[in-house]
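This briefing is meant to be read with the model open beside it. The topics are cysteines, charged pairs, aromatic rings and the internal cavity.

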Amino acid sequence: MLRAFSHKLRESLISVLPVALIVLLLNLTPLVSFTATETVCFSISAVALIVGMGLFNLGADIAMTPMGEQVGSGLSRSRRMGLLLTVCFLMGLFITIAEPDLSVLASQVAGMINGTLLIFFVGIGVGLFLILAILKIVFKKSLASILMYFYMLMFALASLIVINGTGDFLPMAFDSGGVTTGPITVPFIMALGVGVATTLGGKNAGENSFGLVSMCSVGPILAVMALGLSIKGELSYTLPDYSVEAHLGDALLKTVLAVMEEVAIALALVVLFFAVIQLIFLHLPRKKLLQIGIGIIYTYIGLVVFLSSVTVGFMPIGYKLGNMLASNHAGLLVLSGFLLGLVVVLAEPAVHVLNQQVEGITNGTVSKRSMMIALSVGVGVSIGLSMIRIVFDFSILYYLIPGYMLSLGLSFFVPKLYTAIAFDSGGVASGPLTSSFILPFAVGACVAVQGASAVMADAFGIVAMVAMTPLITIQLLGFRAVMSVRVREKIAMKRILDAHDEQIISFL
């Protein structure tokens, strides 16, 4: 166990170090100036982030992933479809309600909409679309065609919201889909898909095991848009207190205790569902249950440390960094956003869970390295484009409509496995570091360039951008693989046709 933890710790160090170095190096330039308190707080938070991420990844390997697989396969083997769908709906609803990522977003938009109402609507969306995702596996339907239908519905609702005069609500609605698939839900939901697909997915079980995360990202957007249609009049937004001092002293203890409570509730719901299924269907041996129990403890401690670190150290620094860079030079803001996007995805805990599962399901055809490169480039581009939107002040729909159309168009030319992986990657890439570092970075930049009144329209939506661009980059990875195979086949055929008669061996 100690060797496994040291390995995870080394992976976490490689993941977090680039983000920390970029921030600290910028502090040495005239462009950015952090106080000694801010620098020390950020540095300590970065170290804690590494430890928390290592513990979480270890816990996900030995507890969360096995639990999801066992629940999925156990319920599927029972052949009681009603029970399977009911459990999936309740699991999607309650785990999402307790998802820390969503709480981070809700706290930052509390001045615009009731946080509890937002979380409840998002949970309903996840529960309903998790049912739809399970039915997709059972009836072996195409993920791309289902997503195409619901994306059309999504943009139709977006048009109605614009007509309704509350277009500033749209970026936050799109963000709600990205933050839903956080560090607790992703390992469990992805493993659940593997368990169900292994039992009911047929000959394409590997392909059918993906797609649950992408479906669970669409549901919240539609649910929050439906909520947005009921809103009348102008929306107001209150800028949160992003200062480091707001999270030190007595506030630090309150922050840690609040995170401990949120994570405990979220994990308790997962454990409760697993315990019920264990008693009725699974009957796993005591040794396996002990292993899962130890993994849950690691997951809990890791998430508490991780989320406390990003709240205390990364959120205030992200806001101030964006604000100061935007005040100096717009071009530098775009470049910095791109560079941060390249490395920030490395520190998202759920990304490593996804990459490991992809490499296992594809037997190494899609390596962790190629996945990480595609995700990094996609997220870097998305944040760079978001900074351009902040500078020039235009609607997020100018990005999202052509972006989703391109990603859906690519799905007709690449293997279905790549499409399913790509759409899952979008939800996974937009994790806690995106909502608690990149989003404050965008808010700070927007306040400097456009003023606090434009935050709703211009800063929010960056999580949605982070969730969208991997759909394109990973499918381009699949497109390149398809074209490489065709080129090799043409070269081989040309060599055969150009060969001399004496080179051809006759077996007659």
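How far is the sulfur of C216 from the closest cysteine sulfur, and in which residue does that closest sulfur lie? In this predicted model, the closest cysteine sulfur to that of C216 belongs to C88 and lies 9.1 Å away, which is too far for a bond. The points below take up the cysteines again and then turn to the contacts between side chains and to the enclosed space.

**Cysteines**

- The count of disulfides for the structure is zero, and C216 fits that count because its sulfur and that of C88, the closest cysteine sulfur, are 9.1 Å apart, whereas a disulfide would need the two sulfur atoms to be within 2.5 Å.
- C216 is buried, with a relative accessibility of 0%, and C41 likewise counts as buried, with a relative accessible area of 10%.

**Salt bridges**

- Side chains of opposite charge can pair when their charged atoms come close.
- Two salt bridges are counted in the model, and one of them joins the side chains of D61 and K8, with 2.5 Å from N to O.
- Because D61 belongs to helix α2 (residues 36-77) and K8 to helix α1 (residues 2-27), this salt bridge ties together parts of the chain that are 53 residues apart in sequence.
- The two partners fall into separate accessibility classes, since D61 is partly exposed at 29% relative accessibility, while K8 is buried at 9%.
- A salt bridge also brings together the side chains of K320 and E38, with an N to O distance of 2.9 Å.
- Here K320 comes from helix α12 and E38 from helix α2, so the pair ties together parts that are 282 residues apart in sequence.
- K320 is partly exposed, with a relative accessible area of 21%, and its partner E38 counts as buried at 10% relative accessibility.

**Aromatic pairs**

- Across the whole structure there are 12 aromatic pairs, including that of Y242 and Y319, which is stacked, with 4.7 Å between the ring centres and 15 degrees between the planes.
- Y242 sits in the loop between α10 and α11 (250-282), and Y319 sits in helix α12 (residues 286-328), so their pairing ties together parts that are 77 residues apart in sequence.
- Both residues are classed as buried, Y242 with a relative accessibility of 5% and Y319 with a relative accessible area of 16%.
- The rings of F314 and F437 form an edge-to-face pair, because their planes stand at 70 degrees, with the centres 5.7 Å apart.
- This pair too links distant parts of the chain, as F314 lies in helix α12 and F437 in helix α18 (residues 432-449), with their positions 123 residues apart in sequence.
- F314 is buried, with a relative accessible area of 0%, and F437 is also buried, at 0% relative accessibility.
- One aromatic cluster is formed by Y151, F155, F174, Y404 and F423.

**The internal cavity**

- The structure has one cavity of 30 Å³ or more, and the largest cavity has a volume of about 130 Å³.
- Of the 15 residues that line the largest cavity, those closest to its centre are Y151, S217, Y404, G427 and A467; Y151 and Y404 are also members of the aromatic cluster.
- At least two residues of the lining come from each of the helices α7 (170-180), α10 (212-229), α17 (416-429) and α20 (462-498), and α10 gives the most, with four residues.
- By residue type, the lining of the largest cavity consists of nine nonpolar and six polar residues, with no charged residues.

**Another position in helix α12**

- L303 also belongs to helix α12, and it counts as buried at 1% relative accessibility.
- The C-alpha atom of L303 is separated by 8.6 Å from that of V259, although the two residues are 44 residues apart along the chain.

Technical notes. Residues numbered from 1 in each chain as written. Predicted model: local features only at pLDDT ≥ 70, side-chain atom pairs only at ≥ 80, totals over all residues. Heavy atoms only, no water. 1 Å grid on protein atoms, 1.4 Å probe; cavity = no way out; pocket = protein on both sides within 12 Å on 5 of 7 lines; lining within 4 Å. Points joined across faces, edges and corners; volume = space filled by probe spheres on them. Nonpolar A, V, L, I, M, F, W, Y, C, P; charged D, E, K, R; others polar. Phe/Tyr/Trp six-rings, centres within 6.5 Å; stacked < 30°, edge-to-face > 60°. Buried < 20%, exposed > 50% of the residue type's maximum accessible area, 1.4 Å probe, protein only. Salt bridge = Lys/Arg side-chain N within 4 Å of Asp/Glu carboxyl O.
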